[in-house]
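Here's a quick tour for anyone meeting this structure for the first time. Have a look at it below, then read on for the main points.

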Amino acid sequence: MKFLPFENITYHTQLSADEVIKRLSKNLEPRKLFSLGFNRNRKIYEGEIKPNNEFDIRRVVWHRNNFSPRITGEIREEETATTIKIKLRLHVRSRVFMTIFCSIGFLMLMAGIANLLSSKTLEDPMTLIGLFITLIFGCGMAIGGFKYESICAKKHLAQLFEAEIKTS
């Protein structure tokens, strides 16, 4: 689904697996625990390249975005081309936070609707409307933050690998 904060992408390129890793390495720095956003000497991605041609990276952004995707991938050299399978996911902390936020919001909304139906009066519908708007805004913020960064990352990776996206 297009509106969920995870994606599976497959790139195909004529570059060798070693060249793909070399290009990714040139644009990759080790993950930092703390960094200042105004340091312009930073690379485009931070993370690591693992054994067996796998990688775990995220795009370095100059602003705060807790919903920026974590990018994990696997590079496989085949007979005619190199295939790069990528998964874009929310960070575990963001997934946990959004699950709790949406669960509490949904339960409060259902309790409000149940209370409204049992009392058969429309005393304070603004509370329900407020809960609904808060729930939609929170989910929209997470999805919007994720999608914005995933679009940027997908375009840059396609250029970096001189690849075309086969599936998404």
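Let's start with one residue: Ser94 has a relative accessibility of 8%, so it counts as buried (buried means under 20% relative accessible area, exposed over 50%, and partly exposed in between, using a 1.4 Å probe on protein chains only). Ser94 sits in helix H2, where helices (H or I, at least four residues) and strands (E, at least two) are DSSP runs numbered from the N terminus. Leaving aside neighbours within four places in sequence, Ser94 is in contact with Asn66 and Phe67; contact here means heavy atoms within 4.5 Å.

Before going further, keep in mind that this is a predicted model, in which local features need pLDDT of at least 70, side-chain atom pairs count only at pLDDT 80 or more, and totals for chains, interfaces and linings use all residues. Residues are numbered from 1 along each chain as its sequence is written, and side-chain values use heavy atoms, with hydrogens and water left out.

**The chain as a whole**

- The protein chain has 3 helices and 7 strands, and from the N terminus on they run β-α-β-β-β-β-β-α-α-β.
- Of its 168 residues, 36% count as buried.
- Take the contacts between residues at least 6 apart in sequence: 60% of them join residues at least 24 apart.

**How confident the prediction is**

- The chain averages a pLDDT of 86, and 90% of the residues score at least 70; pLDDT is the predictor's confidence in each residue, from 0 to 100.
- Confidence is lowest in strand E7 (residues 163–167), with a mean of 81, and highest in E6, at 95.

**The nonpolar core**

- In soluble globular proteins, nonpolar side chains tend to be buried together.
- Here, the largest nonpolar core has 27 residues, and those with the most contacts inside it are Tyr11, Phe55, Ile71, Ile84, Ile86, Leu157 and Phe161. Such a core is a set of buried Ala, Val, Leu, Ile, Met, Phe, Trp, Tyr and Cys residues joined through side-chain atoms within 4.5 Å.
- At least two residues of this core come from each of strand E1 (6–13), helix H1 (17–26), strand E4 (54–59), strand E5 (70–77), strand E6 (82–89) and helix H3 (125–160).
- H3 gives the largest share, with 6 residues.
- Which residues does Phe161 touch, leaving aside its neighbours within four places in sequence? Phe161 is in contact with Thr13, Leu15, Val20, Arg23, Leu24 and Ile84.

**Helix H1 and its two sides**

- Ala17, Val20, Ile21, Arg23 and Leu24 are the buried residues to look for in H1.
- They cover an arc of only 165° around the axis, which puts them on the same side of H1; the arc is that of the directions from the helix axis to the C-beta atoms.
- Asp18 and Lys26, over on the other side of H1, are exposed.
- Ser25 also belongs to helix H1, and its 35% relative accessibility makes it partly exposed.
- Not counting residues up to four places away in sequence, Ser25 touches Lys43 and Ile49.
- Ser25 and Glu46 are 21 residues apart along the chain, with 9.7 Å between their C-alpha atoms.

**Back to helix H2**

- Helix H2 (residues 92–119) has 28 residues, which at 1.5 Å a residue should span 40 Å, and its end C-alpha atoms are indeed 40 Å apart. The expected span is 1.5 Å times one less than the number of residues.
- Ser94 has buried company in H2: Met98, Gly105, Leu109 and Gly112.
- The buried residues of H2 pack against H3.

**Cysteines**

- How many disulfides does a search of the whole structure find? The search finds 0, with a disulfide taken as a pair of cysteine sulfur atoms within 2.5 Å.
- The sulfur of Cys102 has its closest cysteine sulfur in Cys139, 3.2 Å away, which is too far for a bond.
- Cys102 is partly exposed, at a relative accessible area of 22%, and Cys139 is partly exposed too, at 26% relative accessibility.

**Strand E7**

- Ile165 lies in strand E7 and is partly exposed, with a relative accessible area of 38%.
- Leaving aside neighbours within four places in sequence, Ile165 is in contact with Ile9, Thr10 and Tyr11.
- The C-alpha atoms of Ile165 and Lys154 are separated by 8.7 Å, and the two residues are 11 apart along the chain.
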